[in-house]
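Me: Please take a close look at the aromatic residues inside this protein and at the nonpolar surroundings in which they sit. I would like one connected account that starts from the overall fold and then narrows down.

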Amino acid sequence: MHALVTSSFRLFQENNPLRNAFAIFMVTTLFYFIGAQLRLVEELSLFWPLNGVMAGVFARYVWLNRLHYYAVCYVAMLAYDAITTEWGRVSLVINLSNMAFIITFAQLILWDKRRGNNTYEPINALRLFNYCLFAALLCALIGATGSTGIDRQSFWPLFADWFSEQFSTGVLIIPCMLTLSLPGTFTRFKPEQIMPVVALIVSVAASVIIGGAGSLAFPLPALIWCAVRYPTQVTCLLTFMTGAVEIILVANSIINISVASPLSAPHMFSARLGIATMAICPVMVAVSVSAINSLIRQVSLRADFDYLTRVYSRSGLFEALKKQEQQKPQHVTVMLLDIDYFKQINDNFGHECGDQVLSAFARHVQKIVGDKGLVARMGGEEFAVVASSVDSNEGIQLAEKIRKAVELQPFSWQQQTLYLTVSIGLGNGRTESHALADLFNTLIVEADECLYRSKKEGRNRTSARFDNAEIVPGNDAV
């Protein structure tokens, strides 16, 4: 989970119970105050953000789910009512309904985490929708029962009002709370990047001007555009702001969803549920796009890197070479490495041993090459190294360093010690008139010819050809 604020300052800290209790009390009081200022019908609130915010807090920080922290939250609600209302004992029941929503949702999320469902994927977005539904039903049952003492309405209209309000605010706020984070770096927005937000503002304005029940859905295309263009947390925030603004505009008849008659409780019930249902759509699109982007990155990673050895694949090496911009001409050494008698390892010890040998060999070569070049598996037991060097001699020295290190490095398999050797062929050139990828295509042919020479001459050798002369270092001979 991301921190609720910045990494250097956390509102809640696991090993600081007094700080956590104080923070819970203050956050509860703040959002209780905000909800109390949005009264719709006598004592009932138009928009009640407290339950969604606190449910998100307790769901986000597992270690806050303790009885004493829940008690602090409940006491903060009772204290606010004691100061600002004359509800008396009724406040115990009404705020108990708030706690029912908070605790129910938080525990369902914790149950999800124990099952290993920690990512926000499309199915998880639907699960949040269902959890809000269940928590809102329980909250409405308790809240409507308690509200009959302070309102003249019957149970079912109160139940509908409680349920629609809790459900809509939960769906709008909780995704924001679970994805809230500050970006590590701030990048400058280009004009075209703010177009989805402009479209969202225009669509809300159109809802006000045109009116009617269908006007509540006007922002949906713009929200889906936001979901495609922006990260999940930004989409959740924009969805919350849009839904909250629409609820407030409907309640104040600025968006007139019923032209023929004034706003009534059934219309408010319908408006809230419609907005909540609309709100889940861009959230699902956002997490879907996020999941697709993650899958694309994984597929790209699988294509560019060899799964077994964790070095570049053949295609990945070409892509890496194409991306490298040459600031100035440089000397390049291309090595082709082939593990000697690798087939015998597979035949005598099995393919599992062979896979382990390939993996260990690749790690060893990668460690030696370091940031001097790129390592790739070309297929089977054949590997390639592309290294920048001062001249041909430096390339040969690096190749010999690899060959000798492999020869001296034992490999253990099931209480047996295996010693490997490697044959190497080199190609050398400069990048004056060739792109690096094109030069590689030329030098790999030369390296392949020299590798054939190393094998023919007895293996465990390094062969290179330049200046029309052939040098074959290996076995301490040049």
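Reply: In this predicted model, the protein is built from 15 helices and ten strands, and 47% of its 478 residues count as buried. Among contacts with a separation of 6 or more, 70% are made by residues 24 or more positions apart. The exposed area of the protein comes to about 24200 Å², of which carbon and sulfur atoms supply 60%.

Turning to the interior, the largest nonpolar core has 72 residues, and the members that touch the most others are Ile24, Met54, Phe58, Leu64 and Phe105. Helix α6, which spans residues 155-179, gives the most to this core, with eleven residues. A second core, separate from this one, holds 31 residues, with Ile339, Ala362, Val365 and Leu426 among them.

Phe105 is a useful residue on which to focus. Leaving aside residues up to four places away in sequence, Phe105 touches Ala55, Ala59, Leu128, Tyr131, Cys132, Ala135 and Ile174. One of these neighbours, Tyr131, is also an aromatic partner of Phe105, and the search of the whole structure finds 14 aromatic pairs. The ring centres of Phe105 and Tyr131 are 6.4 Å apart and their planes meet at 80°, so this pair is edge-to-face. Because Phe105 belongs to helix α4 (residues 90-114) and Tyr131 to helix α5 (residues 122-147), the pair ties together parts that are 26 residues apart in sequence. Phe105 and Tyr131 are both buried.

Phe163 and Phe167 offer another arrangement, since their rings are stacked, with 5.6 Å from centre to centre and 5° between the planes. These two residues both lie in helix α6, four residues apart, which is about one turn of the helix. Phe163 and Phe167 are both buried as well.

Beyond these two pairs, Phe12, Tyr61 and Trp63 form one aromatic cluster. Aromatic rings also meet charged side chains in this model: Arg310 lies over the face of Tyr307, 5.1 Å from the ring centre, while the charged end of Arg459 sits over the ring of Tyr341, at 4.7 Å from the centre of that ring.

Notes:
Residues numbered from 1 in each chain as written. Heavy atoms only, no water. Buried < 20%, exposed > 50% of the residue type's maximum accessible area, 1.4 Å probe, protein only. Contact = heavy atoms within 4.5 Å. Areas by Shrake-Rupley, 256 points an atom, 1.4 Å probe, with all protein chains shown as cover. Core = buried A, V, L, I, M, F, W, Y, C linked by side-chain atoms within 4.5 Å. Phe/Tyr/Trp six-rings, centres within 6.5 Å; stacked < 30°, edge-to-face > 60°. Lys NZ or Arg CZ within 6 Å of the ring centre and 35° of its normal.
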